Amino acid sequence: MTQKASYDDKIAETPFGKRRIKPRACIVESKHHVRSLLSETLEEQGFIPHACATLDDLDASLRSDFPDLVVISFSMNGLPVPDILNLLAVRACAATVLLIGPPDAPAVRAARELGEKLALDLLPMLPTPFSDRDLHARVAALVPAEPPPPPVDVAEALGAGWLELWYQPKIDARSLALGGAEALIRLRHPNWGIVPPAYFLPDEDDPNFRALSHFVIGRVFQDWRYLVAKSGSIHISINLPLAFFADANAVDDLRLQFPDHPAFDGLTVEVDGSAVVRNLPLAVEAAQRLRYHNIGFSIDDVGTEWPALAALDEFPFAEIKLDRKFVDGSSSARLKRSVCSQIVDLAKSHGVKTVAEGVETRDDFLAMHGIGVDFIQGFLFGKPMTTRKFARNSRQRPAFVPVA
């Protein structure tokens, strides 16, 4: 049996089989900040990344992780690229290889020629500097359209430490400055990579839902301390079920975890709009209790529910978020735009801020801006991202611009 056949056989023995796990990427780079940046970007592209800082790390990864992609970054005083390529050849590595570096550098051209001589599977070189879109264009073919992961038990995820919070920017619709961030829960599974909430969030009556809510509360304040140290104060919103506030001690439990820091300006709690309408008395009571502790109550995903909110005598809420179903395509759909406009008018009549969710096109942004929405949230200005990436982006960009 050849070395390459043995390599493929070992891949087939990995958990779930070769075709059921997300592709694995091995990043070979001696500099920590470059490894971190490439790991985050490749993870967003659908890979399970693993970073190697030395040739010994790479050798161990080739023997155990069986990567589908090996990314080699050229940097001054970095690892010797010829040694990396020769090691891939010696190990009969079946992975595709991506070289990243200055396009005109002699070392990059020499590495390309050596890779071809060693019969490695080379992708077109990725010149620096590059964007997420440039990287996606190189590696997209390596991420097959796979069936979704099976449901993950949230109790197992909590116990294993797989859960984390990602942050999506909320942008001031007029100044385009960063106006806050929404914390969104994600699960980092060892075999499936990043798993979206639909595959692990329990029902509100599930006994694990309260434990999950406590995880979110504890982690968001931990992340806030990191963000304020790295990029300055930021107002954060978290998502909690309305049932969480049926406990008379819930608000005090939340308040007691506030950071003891002069820059902390409170918190916003987002609750699903349909749950609010189903139990308006509890929602109004919770909002009234929360605001005395500088916690705003945001009604999330408001669409056809808005007439029930308009009938309220008391309106202790701080924010209304327009359902993305009505925001998406609102620039060309008069009915959607009309619903959004009525919600904004309702909010203004009570002095409440509004957020348009799911803004993905410039036309929809202009439509929301035109009806007077206060904040914009959506892929046009930024996808949810890890805490470290959010801190880096907000530090580097005082004003957010639409993604080209």
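This is a chat about the domains and salt bridges of a predicted model.

Student: Before we start, what are the ground rules for this model?
Tutor: It's predicted, so local features need pLDDT of at least 70 and side-chain atom pairs count only at pLDDT 80 or more, while totals for chains, interfaces and linings use all residues. Residues are numbered from 1 along each chain as its sequence is written, and side-chain values use heavy atoms, with hydrogens and water left out.

Student: OK, how many helices and strands in the protein chain?
Tutor: The protein chain has 16 helices and 15 strands. Those are DSSP runs, numbered from the N terminus: H or I with at least four residues for helices, E with at least two for strands.

Student: And what box do the C-alpha atoms fill?
Tutor: Roughly 75 × 45 × 45 Å, taken along the principal axes. Of the 404 residues, 49% count as buried. Buried is under 20% relative accessible area, exposed is over 50%, and partly exposed is in between (1.4 Å probe, protein chains only).

Student: Where are the domains?
Tutor: Domain 1 covers 24-142 and domain 2 covers 154-395; the bounds come from an automatic or database domain assignment. Taken over C-alpha atoms, their centres are 38 Å apart.

Student: How many residues are in contact between domain 1 and domain 2?
Tutor: Nine from domain 1 and 12 from domain 2, where contact means heavy atoms within 4.5 Å.

Student: What area is buried there?
Tutor: About 790 Å², with carbon and sulfur atoms giving 35% of that. Buried area here is the accessible area (1.4 Å probe) that two parts lose on being put together, summed over both. On the domain 1 side, Glu40, Glu43 and Glu44 supply 60% of what is buried against domain 2, more than any other three residues.

Student: How many salt bridges between domain 1 and domain 2?
Tutor: Four. The rule is a side-chain nitrogen of Lys or Arg within 4 Å of a carboxyl oxygen of Asp or Glu. The side chains of Glu40 and Arg388 also form a salt bridge, at 3.7 Å from N to O.

Student: Which helix gives the most to the domain 1 side that touches domain 2?
Tutor: Helix α2 (residues 32-45), with six residues. That side of domain 1 divides into two nonpolar, two polar and five charged residues. For the classes, Ala, Val, Leu, Ile, Met, Phe, Trp, Tyr, Cys and Pro are nonpolar, Asp, Glu, Lys and Arg are charged, and the others, Gly among them, are polar.

Student: Switching topic: which residue does Arg63 pair with in a salt bridge?
Tutor: Asp59, at 3.4 Å from N to O. Both lie in helix α3 (residues 55-64), four residues apart, about one turn of the helix.

Student: Is Asp59 buried or exposed?
Tutor: Asp59 counts as buried at 17% relative accessibility, while Arg63 is partly exposed at 48%.

Student: Which residues are linked with Lys321 in a network of salt bridges?
Tutor: Glu182, Glu270 and Glu357. Lys321 meets Glu270 at 3.0 Å, N to O. This pair links distant parts of the chain, 51 residues apart: Lys321 is in strand β13 (residues 319-322) and Glu270 in strand β11 (residues 267-272).

Student: And where does Glu357 sit?
Tutor: Glu357 is in the loop between β14 (353-356) and α15 (362-371), 36 residues from Lys321. In the salt bridge between Glu357 and Lys321, the closest N and O atoms are 3.4 Å apart.

Student: Are Glu357 and Lys321 buried or exposed?
Tutor: Both are buried, and Glu270 is buried too.
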